[in-house]
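This briefing turns to the charged side-chain pairs of one chain and then to its nonpolar interior. Please read it alongside the sequence and the coordinates shown below.

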Amino acid sequence: MSTFREWLGSQRGRDDAIGEVANTVASDESLTADDYATIRQRLNDRNVDGSVIDALDDAHAEYERSDDPPKPPPEPMSIDWP
């Protein structure tokens, strides 16, 4: 599975907030971290607009859902009916 940064780089060119944050991260040559937490902290330290952080959070959630191979769905809750 690719790192978060690699995945985010593959999202450049999207016409949405995730594409914009992907471009922001890719264009920042001083931001070399691969993991979400470090990238998020660096953007916070730079006082970027909150919408950039929100887009990064959305991108991370999408990345987590896009693993390869896909995660199996959660087991259904069992209910013991009387």
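Across the whole structure, a search finds four salt bridges. The model is a predicted one, and the values below are computed from its atoms. Side chains of opposite charge can pair when their charged atoms come close.

**The network around R14**

- The side chains of R14 and D16 meet in a salt bridge, with an N to O distance of 2.7 Å.
- R14, D16 and E62 are linked in a network of salt bridges, so the pairing of R14 with D16 belongs to a wider set of charged contacts that also takes in E62.
- R14 has a relative accessible area of 27% and is therefore partly exposed, while D16, at 29% relative accessibility, also counts as partly exposed.

**The bridge between D28 and R46**

- A salt bridge joins the side chains of D28 and R46, with 1.9 Å from N to O.
- This pair links distant parts of the chain, since D28 lies in the loop between α2 (17-27) and α3 (36-45) and R46 lies in the loop between α3 and α4 (50-65), with 18 residues separating the two in sequence.
- R46 counts as partly exposed because its relative accessibility is 34%, a value that falls between the limits of 20% for buried and 50% for exposed.

**The bridge between D57 and R40**

- D57 forms a salt bridge with R40, and the closest N and O atoms of the two are 2.7 Å apart.
- Here too the pair links distant parts of the chain, with D57 in helix α4 and R40 in helix α3, 17 residues apart.
- D57, at 23% relative accessibility, counts as partly exposed, and R40, at 26%, is likewise partly exposed.

**The nonpolar core**

- The largest nonpolar core holds 16 residues, of which F4, W7, L8, I39, L43 and L56 touch the most other members.
- The elements that give two or more residues to this core are α1 (4-9), α2, α3 and α4, and the largest share, five residues, comes from α4.
- Which residues is F4 in contact with, once its neighbours within four places in sequence are left aside? F4 is then in contact with D34, D35, Y36, I39, L56, A59, H60 and Y63.
- Among these contacts of F4 are I39 and L56, both of which are also listed with F4 as residues that touch the most other members of the core.

Notes: Residues numbered from 1 in each chain as written. Predicted model: local features only at pLDDT ≥ 70, side-chain atom pairs only at ≥ 80, totals over all residues. Heavy atoms only, no water. Buried < 20%, exposed > 50% of the residue type's maximum accessible area, 1.4 Å probe, protein only. Helix = DSSP H or I, 4+ residues; strand = E, 2+ residues; numbered from the N terminus. Core = buried A, V, L, I, M, F, W, Y, C linked by side-chain atoms within 4.5 Å. Contact = heavy atoms within 4.5 Å.
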